[in-house]
Amino acid sequence: MPVAELDATDRQILDLLIEDGRRSVREIADLVGLSPSPVRRRIERLENQGVIVGYTAVVDESRLGNTFEAFAELRFAGNTEVSEITASAKDIPEVIAIYTVAGDPDAIVHFKVSNLRHLHSLIDLIRRDGHVIGTKTLMVLDSWQRGTPSP
């Protein structure tokens with residue numbers, strides 16, 4: 001459900017928080033040309049409206065030993081419910097995200113793993129799910145993501 005229209009200042013505040021969620025209200029206020037009080041009120045309004053749903057840390061997975069990134073396309077039996085598609089991989093810690101999609105494939109799973117053998121074992125684990133009838137794995141060579149600092 002859409003919220004009230006956001007003005008240019010609201011969008012600028014959002015962009016600054018997306019870029020660095022730990023920015024202080026004072027720093028944001030300086031960058032958007034307002035005093036801290038109205039910026040704080042705008043941020044609280046955006047949170048209350050559900051536009052800002054949380055703040056999180058961006059982790060450099062390579063520092064944790066997860067240097068390989070991959071996507072797996074999953075195909076499921078025709079009678080599989082969407083909730084079962086998500087359940088097939090959501091409890092695997094190396095899974096970053098699961099996207100159910102229209103068309104072929106039925107889902108795309110995003111992994112970060114330590115090596116190819118690690119990825120192989122996870123694909124085998126997912127294939128053991130009784131509903132998965134096919135997979136296709138894609139290795140990431142490089143990536144860029146809006147609002148995420150590059151390691």
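On the other side of helix α2 from its buried residues, R26 and D30 are exposed. This is a predicted model, and α2 is a handy place to start reading it. Helix α2 spans residues 25-32, and its buried residues are I28, A29 and V32. These three cover an arc of only 100° around the axis, so they end up on the same side of α2. A general point about helices helps here: an α-helix has 3.6 residues a turn, so residues three or four places apart point the same way. As for what the buried side of α2 faces, its buried residues pack against α1 (8-19) and α3 (36-48). Right after the helix comes G33, with a positive phi near 80°.

The packing of these helices can be described in a little more detail. Two packed helices are described by the angle between their axes and the distance between the axes. For α2 and α3, the angle is about 105° and the axes lie 9 Å apart. That angle makes α2 roughly perpendicular to α3. On the α2 side, the contact is made by V25, R26, I28, A29 and V32; on the α3 side, P36, V39, R40 and I43 take part. R26 thus turns up twice, as an exposed residue of α2 and as one of the residues in the contact with α3.

Helix α3 also packs with α1, this time at an angle of about 80° and with the axes 11 Å apart. The two helices, α1 and α3, are therefore roughly perpendicular to each other. From α1, the residues involved are T9, D10, I13, L14 and L17, and they meet V39, R42, I43, R45 and L46 of α3. Two α3 residues, V39 and I43, are listed both in this contact and in the one with α2.

Next comes the sheet. Four strands form an open sheet in the order β2-β3-β1-β4, with antiparallel pairing. The edges are taken by β2 and β4 (132-139), each of which has a single partner strand, so one side of each is left without a neighbour in the sheet. On average, and ignoring direction, neighbouring strands of this sheet are turned by 20° against each other.

Strand β1, residues 68-76, pairs with β4 in the antiparallel sense over seven bridges. β1 also pairs with β3, again in the antiparallel sense and over seven bridges. E73 shows both pairings: its bridge partner in β4 is K136, while its bridge partner in β3 is I108. Another bridge towards β4 links F71 with L138. The sheet has a helix packed on it as well: α5 touches β1, β3 and β4, and its direction makes about 160° with that of β4.

The loops hold a few details worth a look. Between β2 and β3 sits P105, and the peptide bond leading into it from D104 is cis, with omega near 10°.

Two serines in other loops make a useful pair to compare. S88 lies in the loop between α4 (82-87) and β2 (95-100). With a relative accessible area of 11%, S88 falls under the 20% cut-off and therefore counts as buried. The S88 side chain reaches the backbone oxygen of I85 at 2.6 Å. Leaving aside residues up to four places away in sequence, S88 touches L74, F76, I126 and D129.

S114, for its part, is in the loop between β3 (107-113) and α5 (116-127). At 27% relative accessibility, S114 counts as partly exposed. Its side chain joins that of H118 through a polar contact of 2.9 Å. S114 also has contacts with residues well before it in the chain: not counting residues up to four places away in sequence, it touches G65, N66, T67 and F68. For T67, the separation from S114 is 47 residues in sequence but 5.4 Å in space, C-alpha to C-alpha.

Notes: Residues numbered from 1 in each chain as written. Predicted model: local features only at pLDDT ≥ 70, side-chain atom pairs only at ≥ 80, totals over all residues. Heavy atoms only, no water. Buried < 20%, exposed > 50% of the residue type's maximum accessible area, 1.4 Å probe, protein only. Polar contact = N/O pair within 3.5 Å; in protein donor to acceptor, adjacent residues only side chain to side chain. Contact = heavy atoms within 4.5 Å. Arc of directions from axis to C-beta. Pairing = 2+ DSSP bridges. Axes fitted to C-alpha atoms, helices over the stretch in contact; angles between N-to-C directions. Parallel < 35°, antiparallel > 145°, perpendicular 65-115°, else oblique.
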